[in-house]
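Biologist: I'd like to learn how to read aromatic pairs in a model. Could you walk me through it?

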Amino acid sequence: GDTYTHLPGTFGNPNIAGHALVIAIISACYLASSQFRPRAHAIEPCGAAALGCAAPIALGCGAPIALARVLAPAALMLLFLTHLYFTGYRAGPIALAAAAFAALYRRLPGGASYPQGEGEAPAGPRPRASLYRWLPASVLALAILLGVATLWALTGQPYPLDSSLLLRYNGWSNAARMIAERPLLGYGPGNFVIETPRFWTPFEQEWYEDRLLMNEYAHNELLEAALGAGLIAVGLYILWFARGLAAAFAARRSANTARISIFIVAILIAFFVDGLFGFPFHAPASAAYLALIFGAFEGILAPSKVIFKRSGAVAAASGALLLATAILESRSFISEVFFQRGLLYEAVNRPDRAEDLYARGERFAPYDWRFGRRRGLLAYSEEKWPDAITHFERSLERSPNWVSTLVPLANSYLKQADSGRFSGKMTALSRASE
């Protein structure tokens with residue numbers, strides 16, 4: 001409960017903070033380590049600022065004392081690590097460990113990654129690449145085996161298991177059965193929470209019955225991609241990361257690009273591994289940060305090269321799509337503001353004001369089933385049974401499997417005994433009992 005929901009910066013959700021903190025920790029580590037190369041090109045400190053670092057780090061671009069440039073990102077890294085610890089986000093250390101091994105693997109093969117100068121070959125002989133390629137993989141395999149053995153000895157299971165993780169595992173099983181039903185096209189982005197009750201496992205049913213809580217996300221980006229747009233989307237998601245990794249492993253033209261490529265490898269691996277246990281691609285902060293870093297990396301690799309030639313028609317279509325997306329997302333954002341304000345007025349016992357805010361928000365996002373449900377609950381609390389039934393039914397048109405809407409709808413039919421709509425009452429009761 002309060003162990004993390006009241007922690008500043010989490011907005012009540014440690015996953016959202018954890019996804020961003022993983023990337024921030026790696027970025028701070030890169031910024032600190034990059035200052036140990038006095039002969040590096042000037043793009044190092046300035047490029048670091050362009051890669052999304054905090055304002056105090058950017059001030060180090062002109063600092064005469066090299067130590068200050070190291071201490072500033074190091075202090076931020078310590079702050080981010082402390083924040084990650086207090087969120088209790090368990091996938092974070094796993095993602096960071098994967099990033100460390102990936103960076104080591106990228107750093108070791110072929111010997112020195114940093115040429116002596118622009119276009120110069122490394123000084124001294126290069127060690128055998130095969131030994132260095134196998135070293136990180138061997139250490140990683142040993143660490144995994146030791147972790148599995150420790151868990152088995154302590155819990156009798158080869159993997160971590162508690163009530164929260166058991167819910168997560170059941171959610172993955174649930175998502176897999178959903179994908180098997182519609183493997184090619186999926187259910188549309190964001191519709192997991194709408195469709196998932198039909199596939200609940202017995203454990204998920206009991207969890208909802210006891211706590212009125214459920215998995216609103218698959219907590220796995222591969223599953224989310226398949227659920228949203230089918231298995232083809234999963235392939236595109238993997239190819240996106242593969243393209244970035246391929247470019248990073250191929251970039252060894254200068255001291256700057258070699259160092260940045262190690263950073264990009266760590267970021268991409270951490271993001272991908274983190275996405276196996278959460279939703280960093282769906283969290284705005286972490287997704288935007290990754291896009292910024294990826295774009296900056298591509299610009300550094302080819303600052304004057306036209307990567308894709310775009311025709312005027314393609315540019316116009318892209319601009320129109322961008323404008324339409326901006327309008328749609330702006331309306332969605334405004335509706336969310338009204339929704340959250342409505343919840344606030346409900347909490348202070350101002351149902352009239354809450355109803356007005358919900359009605360205004362629903363005009364901006366008529367597809368959002370939550371507005372109909374909240375308005376139905378307000379009407380239900382005021383014993384306005386016809387209004388409650390109307391709102392609940394409208395909500396169920398958009399989210400037909402939401403148990404917390406089906407039950408009050410059935411009760412509304414029962415309360416409105418003189419309405420004569422017994423067929424509707426029995427239908428709602430039947431759906432709720434399922």
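**Reading the rings**

Modeller: Sure, and keep in mind that this model is predicted. Let's start with tyrosine 85: its relative accessible area is 64%, so it counts as exposed.

Biologist: How many aromatic pairs does the structure hold?

Modeller: There are 20 of them. One is formed by tyrosine 85 and phenylalanine 86, edge-to-face, with 5.4 Å centre to centre and 70° between the planes. Phenylalanine 86 is partly exposed, at 48% relative accessible area.

Biologist: What describes a pair of aromatic rings?

Modeller: Two things: how far apart the centres are and the angle of the planes. Now a case: tyrosine 237 and phenylalanine 281 have ring centres 5.4 Å apart and planes at 85°, so they are edge-to-face. Tyrosine 237 sits in helix H12, while phenylalanine 281 is in the loop between helices H13 and H14, so the pair ties together parts 44 residues apart in sequence.

Biologist: Is tyrosine 237 buried or exposed?

Modeller: Buried, because its relative accessibility is 9% and the cut-off is under 20%. Its partner phenylalanine 281 is partly exposed, with 37%.

Biologist: Which residues form one aromatic cluster with Tyr237 and Phe281?

Modeller: Trp240, Phe241, Phe271 and Phe272 join those two.

Biologist: And charges over rings: which tyrosine does arginine 182 lie over?

Modeller: Arginine 182 is over the face of tyrosine 187, 5.1 Å from the ring centre. Arginine 353 lies over the face of tyrosine 345, at 5.5 Å from the ring centre.

Methods. Residues are numbered from 1 along each chain as its sequence is written. This is a predicted model: local features need pLDDT of at least 70, side-chain atom pairs count only at pLDDT 80 or more; totals for chains, interfaces and linings use all residues. Side-chain values use heavy atoms; hydrogens and water are left out. Rings of Phe, Tyr and Trp (its six-membered ring) pair if their centres lie within 6.5 Å; planes under 30 degrees apart count as stacked, over 60 as edge-to-face and the rest as tilted. Buried means under 20% relative accessible area, exposed over 50%, partly exposed in between (1.4 Å probe, protein chains only). Helices (H or I, at least four residues) and strands (E, at least two) are DSSP runs, numbered from the N terminus. A charge sits over a ring if NZ of Lys or CZ of Arg is within 6 Å of the ring centre and within 35 degrees of the ring normal.
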